[in-house]
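Student: I'd like to learn how to read salt bridges and cavities in a model. Could you walk me through a case?

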Amino acid sequence: MKNNQILKNFLIMIVCFLLDSVINFFIPTNITRSGLTFVPCIGLLMFSLLTITIHDKSERFFFGAACGLYYSVCYSNSLLIYVLIYCLITFVRTYIYRNDNITLFEFIIYAAVIIIFKELVIYWLMLITRSTFIGLIHFLTMRLVPTLLLNCVFAPIVYLVYEKFDIYIEPNDFDLKDI
């Protein structure tokens, strides 16, 4: 059953990443990237919900690393930063915020925190590699805020789709010993 769940999660994630690509294709952007920039994060939002559905902790981290690697290879030009971001989200969902029955409001707040964290890490990486020279205020107003607003609109939709999957999370007796 565990392997079946991880395969379902991988298929769901591939669909979500493809949906991110389709949305990104249809969102109007400047050629010079000097205007507003929206980055859809449907895959990241669904990943943050699906991580807790995998029973074994080592499989959770494998799932996080595999999703991060897939995103890095297919959609990004920075190889391992997304692997680290996805594994960090897995760590937070496994050891810090282990709520199985997350509410819509909690998920929107959690999604906003994840998106802010991801965008700031990517901006910091671009600054230290000198891939960008835009200032922090310009980054906040032209990329972070529009991305955050767009994904806060997508977050309830992702949550409702996740709820439609009706995924049962098996209780793990060993998790109680970690507290």
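**Reading a salt-bridge network and a cavity**

Tutor: Gladly! Let's start with Arg 143, which is partly exposed, at 21% relative accessibility. Keep in mind that this is a predicted model.

Student: Which residue forms a salt bridge with Arg 143?

Tutor: To read a salt bridge, look for a side-chain nitrogen of Lys or Arg within 4 Å of a carboxyl oxygen of Asp or Glu. Here the partner is Glu 119, and the closest N and O atoms are 2.6 Å apart. Glu 119 belongs to helix α5 (residues 104–128) and Arg 143 to helix α6 (residues 136–165), so this pair ties together parts 24 residues apart in sequence.

Student: Is Glu 119 buried or exposed?

Tutor: Anything under 20% relative accessible area is called buried. Glu 119 has 1%, so it is buried.

Student: What other salt bridge should I look at?

Tutor: The search of the whole structure finds two salt bridges. Lys 118 and Glu 119 also meet through their side chains, at 2.8 Å from N to O. Lys 118 counts as buried too, with 3% relative accessibility. Through shared partners, the salt bridges join Lys 118, Glu 119 and Arg 143 into one network.

Student: And which residues line the largest cavity?

Tutor: Lys 118 turns up again, together with Asp 20, Cys 41, Leu 44, Tyr 71, Tyr 82 and Tyr 86. By class, that lining has five nonpolar, two charged and no polar residues.

Student: What is the volume of the largest cavity?

Tutor: About 40 Å³. The count of cavities of 30 Å³ or more comes to one.

Methods
Residues are numbered from 1 along each chain as its sequence is written. This is a predicted model: local features need pLDDT of at least 70, side-chain atom pairs count only at pLDDT 80 or more; totals for chains, interfaces and linings use all residues. Side-chain values use heavy atoms; hydrogens and water are left out. On a 1 Å grid over the protein atoms alone, a cavity is a set of points where a 1.4 Å probe fits but cannot get out, and a pocket is an open set with protein on both sides within 12 Å along at least five of seven lines; lining residues have an atom within 4 Å of a point. Grid points are joined across faces, edges and corners, and a volume is the space filled by probe spheres set on the points. Ala, Val, Leu, Ile, Met, Phe, Trp, Tyr, Cys and Pro count as nonpolar, Asp, Glu, Lys and Arg as charged, and the others, Gly among them, as polar. Buried means under 20% relative accessible area, exposed over 50%, partly exposed in between (1.4 Å probe, protein chains only). Helices (H or I, at least four residues) and strands (E, at least two) are DSSP runs, numbered from the N terminus.
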